[in-house]
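Trainee: Could you take a close look at one part of this protein with me? I would like to see how its helices pack, and what surrounds a few single residues.

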Amino acid sequence: MKVAAVGVHVLDTHVIGIESIPAGSDGQLVERIRFSPAGTAGGTAVVLARLGAEVASYGAVGTDPIASVLLELLAAEGVSVAGLVRKDEHQTSSSVIPVRSNGDRPAWHCIGANGAFTLDDLPSTALDGVTHLHLGGPEFLGGPAAGELLARARSLGIVTSLDVLAPGDPDMLAWIADALPHTDYLLPNDEQVLGFTGASSLVDGARALVDAGAGCVAATAGARGAVVVTADSVVEVPAYDVPVVDTTGCGDAFSAGFLRGLALGRDLRGAAELGCATAGQVAGGLGTDAGSYSLDAVLEVVAAGAVRAGL
């Protein structure tokens, strides 16, 4: 599995042990502060690399110290960073995330260089030898440009996947609509599905997105697991019961596990189970790159879950 992860790359700063946001200029002692690579392209790239895929990142960062840290963290995970271009006039995208005791994480976010990335920044060789193109944040390119990239990939026999960063909104769906007919796997969360479509249920919303052109919609639903919908089938997979430390990056982890599962020959249910198990590994740590999970470790979780279910 050789992946081009294109689009949004972010450096997250997690602050754990938050009780409240101090008033005025007051301070508060916390348990831990940690950096991690993130974003709908960057976070997925990290997890795919941990699961044994060969991954190259493409996107834009600044020339600031934030970029240096982000590039170092990605490279340490085995992700090729040569395709991340530097933009002198933009800072590297970054988020500050105060993590509450229940795993909830409001965030402050700077779009930065992600908003300046265009197809002109993508090397002509980016898709050479690639088996999978994962586009994270198509809204920054716009639907026509995103569709052009995905269509090009498909013409080369490359599997395409798409993950939107922005909240669900009908106008956002219209903005990226040109990309959907060239998308094999759309990977939203439940709030995005309902917001994009106005549907009353996750399954109905996913069906509407399939009708809009996506080949398959694999939507996460937090503690309820995931729903996978195609024109002919609906598969529902429960989440794994894990102690939650931080839910940041769980969606990216599901995407990586799901796509890796498909590449390993698993069916839609098996791929979604691998996605949910991978998300569980991330939820139990701080950031997408927390801990030392591997493909074998995640497969053991899936197998243990099947045994408990008597399958």
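Mentor: Here is a walk through the helix packing, followed by some single residues.

This is a predicted model, in which local features need pLDDT of at least 70 and side-chain atom pairs count only at pLDDT 80 or more, while totals for chains, interfaces and linings use all residues. Residues are numbered from 1 along each chain as its sequence is written, and side-chain values use heavy atoms, with hydrogens and water left out.

Let's start with helix 8 and its partners. Two packed helices are described by the angle between their axes and the distance between the axes. Helices (H or I, at least four residues) and strands (E, at least two) are DSSP runs, numbered from the N terminus. Axes are lines fitted to C-alpha atoms, for helices over the stretch in contact, and angles run from 0 to 180 degrees between N-to-C directions.

Helix 8 (residues 250–263) packs with helix 9 at an angle of about 145°, and their axes are 7 Å apart. Their crossing is right-handed; a crossing is called right-handed if the near helix is turned clockwise from the far one by less than a right angle, and left-handed if anticlockwise. From helix 8 the contact (heavy atoms within 4.5 Å) includes Cys250, Ala253, Phe254, Gly257 and Phe258, and from helix 9 it includes Leu268, Ala271, Leu274, Gly275 and Val282. By class, the residues of this contact are 13 nonpolar, four polar and one charged. Here Ala, Val, Leu, Ile, Met, Phe, Trp, Tyr, Cys and Pro count as nonpolar, Asp, Glu, Lys and Arg as charged, and the others, Gly among them, as polar.

Helix 9 (residues 268–283) has 16 residues, which should span 22 Å at 1.5 Å a residue, and its end C-alpha atoms are 22 Å apart, in agreement. The expected span is 1.5 Å times one less than the number of residues. Helix 9 is mostly covered, with 14 of its 16 residues buried; buried means under 20% relative accessible area, exposed over 50%, and partly exposed in between, with a 1.4 Å probe and protein chains only.

Gly275 sits in helix 9 and is buried, with a relative accessible area of 0%. Not counting residues up to four places away in sequence, Gly275 touches Ala253, Phe254, Gly257 and Phe258. Gly275 and Arg260 are 15 residues apart in sequence, and their C-alpha atoms are 8.3 Å apart in space.

Helix 8 also packs with helix 1 (residues 42–50), at an angle of about 45° and with the axes 8 Å apart. That makes helix 1 oblique to helix 8, since angles under 35 degrees count as roughly parallel, over 145 as roughly antiparallel, 65 to 115 as roughly perpendicular and the rest as oblique. This crossing of helix 1 and helix 8 is right-handed. Gly43, Thr44, Val47 and Leu48 of helix 1 meet Asp252, Ala253, Ser255, Ala256 and Arg260 of helix 8. These residues divide into four nonpolar, three polar and two charged.

Another pair is helix 6 (residues 190–197) and helix 7 (residues 202–211), whose axes come within 9 Å and cross at roughly 65°. Helix 6 passes helix 7 in a left-handed crossing. Their contact includes Asp190, Val193 and Phe196 of helix 6, and Leu202, Gly205 and Leu209 of helix 7. The residues of the contact are seven nonpolar, two polar and one charged. Ser201 lies in the loop between these two helices and is partly exposed, with a relative accessible area of 26%. Ser201 and Asp190 are 11 residues apart in sequence and 9.1 Å apart in space, C-alpha to C-alpha.

Helix 4 (residues 143–155) has 13 residues and reaches 18 Å between its first and last C-alpha, close to the 18 Å expected at 1.5 Å a residue. Its buried residues include Gly143, Ala146, Leu149 and Leu150. The buried residues of helix 4 pack against elements including strand 1 (2–7), strand 8 (132–136) and helix 5 (170–176). Just after helix 4, Gly157 takes a positive phi of about 80°.

Finally, Leu73 belongs to helix 2 (residues 65–76) and is partly exposed, with a relative accessible area of 23%. Leaving aside neighbours within four places in sequence, Leu73 is in contact with Leu11, Phe35, Ser36 and Pro37.
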